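Let's look together at the pockets of this protein. A few questions will guide us.

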Amino acid sequence: MDTGTVTERLEQLRGVVATGKDLFDPYVLQRAERELEEISGRLEAGLGLTVAALAGGTGSGKSTLFNALTELNFADAGDVRPTTMDITACVWSPAARPVLEALGVKKDRTISHNSLLSSSKRELDSLVFLDLPDHDSVSLGNSALVNRILPLVDVLVWVLDPQKYADHLIHDSYIAAMRERADRMIVVLNQIDTLPAGGTEAITADIRKLLRADGIADSVPIFPVSALHRRGLEPLRDALEKAAGLTNAALETTGAYLDEIGARLGEGPVSYTHLRAHETRGNLV
């Protein structure tokens with residue numbers, strides 16, 4: 001995957017959408033136009049940065065985990081739901097600002113880790129770390145925001161809790177739906193401090209079975225942690241540090257997103273292949 005190939009595919013899909021305005025379902029067309037603009041904005045913002053995001057349902061403890069991993073107390077964690085109403089971001093490099101703007105992250109919800117005194121020696125300059133709103137939020141705006149952002153994220157960190165780890169919504173509508181990106185997924189079982197002896201192992205095994213049913217390979221790691229008590233975080237930090245070193249992550253994410261858009265257009269009234277064939281002959285009807 002290289003910049004030229006991704007840019008060419010982006011322009012091809014733009015051409016298909018522009019040429020087929022009278023042929024595609026209006027909803028599919030408008031969605032494709034919006035998504036292609038988002039992809040273009042992500043590419044223009046610059047490459048070489050890896051966007052990782054915590055995603056999960058209400059009560060999973062994403063914000064507490066965000067604060068624990070960044071060693072800051074910036075994300076809004078609490079008992080009132082939904083607590084996280086906007087995307088919260090932590091960055092290690094000033095070069096991340098254009099990417100955050102492309103993703104729609106507000107300045108007042110962004111903190112620069114390097115602006116603070118920290119003992120961390122990890123190589124995270126290329127990481128853009130997000131805490132997303134709850135995907136099952138009672139606020140429709142929150143769930144819509146999550147649905148818009150997730151396809152643009154390079155590393156998906158699914159945060160599950162002992163009570164709702166088997167919830168069909170996160171499995172059917174998110175994890176299984178994005179299984180083509182399984183090589184860029186991390187699963188976290190949070191709140192293990194609430195489990196009895198042997199409970200962590202039992203639920204971790206059950207999560208593995210659910211992931212297999214989702215079409216997710218066993219190579220996707222599952223990290224049991226207690227964000228509240230800062231237990232089990234080091235292996236997860238190691239995984240994020242490794243992700244930060246993926247210099248081509250944005251290109252691969254963009255390529256996968258373009259595949260999804262092309263496939264969706266191909267399922268409409270006029271297929272992508274059929275439309276391109278007519279364009280080539282100059283006989284578009």
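Q: Which helix gives the most to the lining of the second largest pocket?
A: That is H8, which contributes three residues. In this predicted model, helix H8 spans 233-244, and strand S6 (185-189) also supplies at least two residues of that lining.

Q: What makes a residue part of the lining of the second largest pocket?
A: A lining residue has an atom within 4 Å of a pocket point. The second largest pocket has 13 such residues, and the closest to its centre are Asp-183, Met-185, Ile-186, Pro-221 and Lys-242. Its volume is about 300 Å³.

Q: Why do Met-185, Ile-186 and Pro-221 count as nonpolar, and Asp-183 and Lys-242 as charged?
A: Met, Ile and Pro belong to the nonpolar class, while Asp and Lys belong to the charged one, so the five residues fall into these two classes. Over the whole lining of this pocket, nine residues are nonpolar, one is polar and three are charged.

Q: What is the volume of the largest pocket, and which residues are closest to its centre?
A: The volume is about 540 Å³. Arg-31, Glu-35, Asn-147, Pro-151 and Arg-264 are the closest to the centre, out of 18 lining residues.

Q: Which helices each supply at least two residues of the lining of the largest pocket?
A: They are H2 (26-44), H5 (140-149), H6 (168-175) and H9 (249-266). H2 gives the most, with five residues.

Q: How many residues of each class are in the lining of the largest pocket?
A: Eight are charged, seven are nonpolar and three are polar.

Technical notes:
Residues numbered from 1 in each chain as written. Predicted model: local features only at pLDDT ≥ 70, side-chain atom pairs only at ≥ 80, totals over all residues. Heavy atoms only, no water. 1 Å grid on protein atoms, 1.4 Å probe; cavity = no way out; pocket = protein on both sides within 12 Å on 5 of 7 lines; lining within 4 Å. Points joined across faces, edges and corners; volume = space filled by probe spheres on them. Helix = DSSP H or I, 4+ residues; strand = E, 2+ residues; numbered from the N terminus.
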